[in-house]
Amino acid sequence: MMTKIRVHDHWFGECPLLGPSLYVWVQGCPRRCPGCFNEETLDFGGPSTPMSPAEVAALTLRSGGGLVISGGEPFSQAGPLAEACHLVRAERPDTLILTYTGFLLEQLARGRRADYIRLLKEIDVLVDGPFVRERTTNFPLAGSDNQRVFFLSGRVPPGRWAQLSRSHVQIAITTDKRMRLVGSGGAGLDMHTLVERLSMAGIELQA
Ligand code: SF4
């Protein structure tokens with residue numbers, strides 16, 4: 001039986017690069033980058049919903065668009081996530097998939113882990129490297145300028161990259177109707193500070 005994916009949260013949102021997409025934040029990350037905005041997703045035993053690859057695939061197809069996988073560390077659950085991507089593509093081959101990772105692409109591609117390679121083969125766009133607070137950036141899709149964006153499949157039209165907005169904060173509505181902040185803030189905006197300021201103004205969002 002295929003292992004389930006530990007999903008911290010998921011919602012339908014507008015990815016700056018892929019357009020309408022299902023966002024999946026997986027639970028568990030082996031790193032502890034100072035300033036990580038996704039602290040709730042770090043503990044491998046933390047709050048999560050087990051979802052089968054087929055369930056994640058069905059939700060992606062319902063989104064009518066792409067799939068964005070973040071976390072947490074997606075490659076800590078590479079096998080079942082690769083299966084979910086495979087199931088999506090079996091139904092809709094042109095679905096675009098973007099994945100974040102704290103690993104470097106070179107570490108993932110060394111070929112010692114079959115599950116890493118399987119997931120890499122499904123991904124169109126990979127944003128790699130850990131978040132480094134001292135290097136926060138306004139670069140689209142990345143939180144710090146050490147992170148790199150790889151177009152692994154050639155399926156994303158190059159024009160989409162050129163049209164990316166510099167906006168780094170989105171308000172997302174989860175599938176169970178909660179509001180959530182998404183993004184990395186950018187060089188001039190710390191996301192933790194933004195959440196605190198909203199809270200002081202009486203607006204509670206899920207970080
Ligand atoms: S790799 Fe990402 S999720 Fe993991 S600690 Fe660093 S910023 Fe947070």
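**Buried charges, a one-sided helix and two cores**

Asp124 is buried, with a relative accessible area of 0%. In this predicted model, the side chain of Asp124 meets that of Arg89 in a salt bridge, with a distance of 2.6 Å from N to O. The two partners come from distant parts of the chain, since Asp124 lies in the loop between α4 and β6 whereas Arg89 belongs to helix α2, and 35 residues separate them. Arg89 likewise counts as buried, because its relative accessible area is 11%, which falls under the 20% limit used for that class. The pair is also part of a wider arrangement, in which salt bridges that share partners join Arg89, Glu122, Asp124 and Arg155 into one network.

A search of the whole structure finds 9 salt bridges, and Arg148 takes part in two that are described here. In one of them, Arg148 is paired with Glu106, and the closest N and O atoms are 2.8 Å apart. This pair links strand β7 (residues 148-151), which holds Arg148, to helix α3, which holds Glu106, across 42 residues of the chain. Both of these residues are partly exposed, Arg148 with a relative accessible area of 29% and Glu106 with one of 42%. In the other, the side chains of Arg148 and Asp128 meet at 2.5 Å, again from N to O. Because Arg148 lies in strand β7 and Asp128 in strand β6, this pair ties together parts that are 20 residues apart in sequence. Asp128, at 0% relative accessibility, counts as buried.

Helix α4 (residues 114-122) contributes Glu122 to its set of buried residues, together with Tyr116, Leu119 and Leu120. These residues lie on the same side of α4, because they cover an arc of only 160° around the axis. Such an arrangement can be read against the geometry of a helix: an α-helix has 3.6 residues a turn, so residues three or four places apart point the same way. On the face of α4 turned away from its buried side, the exposed residues are Ala114 and Lys121. The cover over the buried residues of α4 includes α2 (78-91), β5 (97-100), α3 (105-108) and β6 (125-128).

Leu119 of this helix also appears in the largest nonpolar core, which has 25 residues, and within that core Phe75 and Leu119 touch the most other members. At least two residues of the core are supplied by each of β1 (5-15), β2 (19-26), α1 (53-63), β4 (66-70), α2, α3 and α4. Helix α2 gives the most, with 5 residues. In general, nonpolar side chains tend to be buried together in soluble globular proteins. When residues up to four places away in sequence are not counted, Phe75 touches Thr99, Thr101, Phe103, Leu108, Tyr116, Leu119, Leu120, Ile123 and Leu126. A second core, separate from the one just described, has 16 residues, among them Cys15, Leu17, Val125 and Val156.

The surroundings of the ligand were examined as well. Around the ligand are the residues Cys29, Arg31, Arg32, Cys33, Cys36, Leu42, Gly71, Gly72, Gly102 and Phe131. Sorted by class, this shell consists of 5 nonpolar, 3 polar and 2 charged residues.

Conventions. Residues numbered from 1 in each chain as written. Predicted model: local features only at pLDDT ≥ 70, side-chain atom pairs only at ≥ 80, totals over all residues. Heavy atoms only, no water. Buried < 20%, exposed > 50% of the residue type's maximum accessible area, 1.4 Å probe, protein only. Helix = DSSP H or I, 4+ residues; strand = E, 2+ residues; numbered from the N terminus. Arc of directions from axis to C-beta. Contact = heavy atoms within 4.5 Å. Core = buried A, V, L, I, M, F, W, Y, C linked by side-chain atoms within 4.5 Å. Salt bridge = Lys/Arg side-chain N within 4 Å of Asp/Glu carboxyl O. Near = heavy atom within 4 Å. Nonpolar A, V, L, I, M, F, W, Y, C, P; charged D, E, K, R; others polar.
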